[in-house]
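Q: I'm new to this one. Please walk me through it, one feature at a time.

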Amino acid sequence: MTSEVSNLFYMARQPRPFLDRAEGIYMYDQSGKRYIDGSSGAMVSNIGHSNPNVLAAMKAQMDKSTFGYRLHFRTEASEFLATKAASMMPEGLDRVFFVSGGSEAVESAIKLARQYAITQGQASRWKVISRFPSYHGCTLGALALTGYDPLARPFDPMMRDMPKIAAPTCYLDRDNLSDEARGLKYADLLREEIIAQGPESVLAFIMEPIGGASTGALVAPDSYYARIREICDEFGILLIYDEVMTGVGRTGAFIAADHWGIVPDIVAMSKGFAAGYAPLGAVVAKASMVEALLDAGGFLHGYTYAGNPLACSAGLAVLQEVERLGLVSNAANMGDILKGRLTDLMERYPFIGDVRGKGLLLAFELVSDRETMTPLPKELNAYLTLVELAYERGLIIYSRRTRGGVEGDHFLVCPPLIITPEQIEEIMAILIDSLDAFARQNNL
Ligand code: PLP
């Protein structure tokens, strides 16, 4: 099939073939060419493609009803999913509000925070501090929190400026601090910013616990996470974890916050939540917050498709499959293997400067000098060319050129959590072939 009328007005990189079918970690175009989904799409397809139990659950729901407006009916699909999701979250995070995607989840999280503050007599609080770089979505509210200039700057006049602190890009630091001290140093930037802004004006702090496309799987030292929680508590500021990418097992814990035993006040989820089977996301919050809101008349927010039964039937079946197949621990175990294999590549390719991440949220970064972490020249367009070399060879990976105040090319290798050790070797073979071609092309 061909088409000259695209309904996707994207910044097209390369023309892409039509997708025909997908199964497990593999995808096939209409010519029959096979691709390994080495990035789970955009870190979405956590349980792989065409899972028969999820498809069966969706078909069963379709036979019953596909839509019931929330003001007219409750649906079992959304009730069961909310209960299941809450049971998998840290104790205390037990109220679930459904949305249809990550940007909607972030929008909803900050509006929930704001309305809650008003119920607490704290209407002066409205600023949401976030980090630079970061990605929280592309709707105007979420974009105001996003620390990624190319996407945000054209819309400046339409957004309320929100304060940003530096993300903990510790791998670029060349000081002699211990990991712990460095974590505290970056966390204390939040304290300084709150004081500079005036604590009574600050509503919340939002962070990706492990960076996604924004920083390329950036994990902070352990000390960072606890200190951030302490600082938020010190000033009565809500802590929002954007787990849109990290949630539902991706990093080897159900949500990334579990790695550090942190209980955020609000968590935004999407992507792996329905794992690409339906557009779905959720905001999970503490019961005390939601009850305060309900007492004050309810949440002044909501989307027509919130709690859509078909999407929720997919979400419930996905969470059941995550449990049945032990995908959270598989992500941790396979992540260790894959991270080890990516780290091995540093011996073969001096232009790999860093390998990082947790579970199956992994990335490597290309540099021209590993000691100084000097990026490759921008003109090489490494983040595009290596992705194309891999794509030609049947491997999909995800890339960006950005980090801190500087620029750098990083590549996310984030296969579905169902991956096996043999399939990791398939990924590695194509990746090595692609990196060899990249090195030859650029005399590296
Ligand atoms: N937050 C994070 C951390 C993300 O990675 C993304 C998407 O990549 C979003 C929010 C926005 O999600 P969506 O594209 O579903 O609106």
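**Reading the fold, step by step**

Q: How many bridges join strand 2 to strand 3 (residues 34-36), and do the two run parallel or antiparallel?

A: Strands of a sheet pair through backbone hydrogen bonds, either parallel or antiparallel. Here three bridges link strand 2 with strand 3, and the two run antiparallel. Across that pairing, Tyr28 sits opposite Arg34. Two strands count as paired if DSSP finds at least two bridges between them. Strands (E, at least two residues) and helices (H or I, at least four) are DSSP runs, numbered from the N terminus. Keep in mind that this is a predicted model: local features need pLDDT of at least 70, side-chain atom pairs count only at pLDDT 80 or more, and totals for chains, interfaces and linings use all residues. Residue numbers start from 1 along each chain as its sequence is written.

Q: What takes a positive phi in the hairpin of strand 2 and strand 3?

A: Gly32 does, with a phi near 95°, and the hairpin has four residues between its strands. Gln30 is in that loop too. Gln30 counts as exposed because it has 12 C-beta neighbours inside 10 Å. The scale goes like this: buried is 20 or more other C-beta atoms within 10 Å of a residue's own, exposed is 12 or fewer, and partly exposed is in between, with C-beta atoms placed from the backbone. For a feel of distance, Gln30 and Ala85 are 55 residues apart in sequence and 37 Å apart in space, C-alpha to C-alpha.

Q: How many bridges join strand 1 (residues 19-23) to strand 2 (residues 26-29)?

A: Four, and those strands run antiparallel. Ala22 faces Met27 across the pairing. Their hairpin has two residues between the strands, and its Gly24 has a positive phi near 60°.

Q: Which residues other than glycine have a positive phi?

A: Most residues other than glycine have a negative phi, and most peptide bonds are trans. Ser50 goes the other way, with a positive phi of about 55°, and so does Met373, with phi near 55°. You'll find Ser50 in the loop between helix 1 and helix 2 (52-64), and Met373 in the loop between strand 12 and strand 13 (374-375). Ser50 is partly exposed because 13 C-beta neighbours lie inside 10 Å. Met373 is partly exposed as well, because 19 other C-beta atoms lie within 10 Å.

Q: Where is the cis peptide bond?

A: Look at Phe132 and Pro133: a cis bond joins them, with omega about 0°. Pro133 belongs to the loop between strand 5 and helix 5 (140-145).

Q: What is the strand order in the open sheet of seven strands?

A: The order is 4-10-9-8-7-5-6, and the pairing is mixed. At the edges are strand 4 (93-99) and strand 6 (164-166), each pairing on one side only. Neighbours in this sheet are turned by 25° against each other on average, direction ignored. Such angles run from 0 to 180 degrees between N-to-C directions, with axes fitted to C-alpha atoms, for helices over the stretch in contact.

For one pair inside it, take strand 5 (residues 127-132) and strand 7 (residues 202-207), which pair in the parallel sense over three bridges. Val128 has Ala204 in strand 7 as its bridge partner.

Q: Which strands does helix 3 (residues 76-88) touch?

A: Helix 3 packs on the sheet, touching strand 4 and strand 10 (281-286), and its direction makes about 135° with that of strand 4. Helix 10 (residues 287-295) also packs there, touching strand 4 and strand 10, at about 95° to the direction of strand 10. Contact means that the C-beta atoms of two residues, placed from the backbone, lie within 7 Å.

Q: Which of the 15 residues around the ligand come nearest?

A: Gly101, Gly102, Ser103, Gly137 and Val244. A residue counts as near if its C-beta atom, placed from the backbone, lies within 6 Å. Helix 4 (residues 102-119) gives the largest share of the shell, three residues.

Q: What are the domains of the chain?

A: Bounds like these come from an automatic or database domain assignment. Domain 1 covers 19-50 + 326-441, and domain 2 covers 53-324. Their C-alpha centres lie 25 Å apart. Where they meet, 31 residues of domain 1 are in contact with 32 residues of domain 2. On the domain 1 side, helix 12 gives the most, with five residues.
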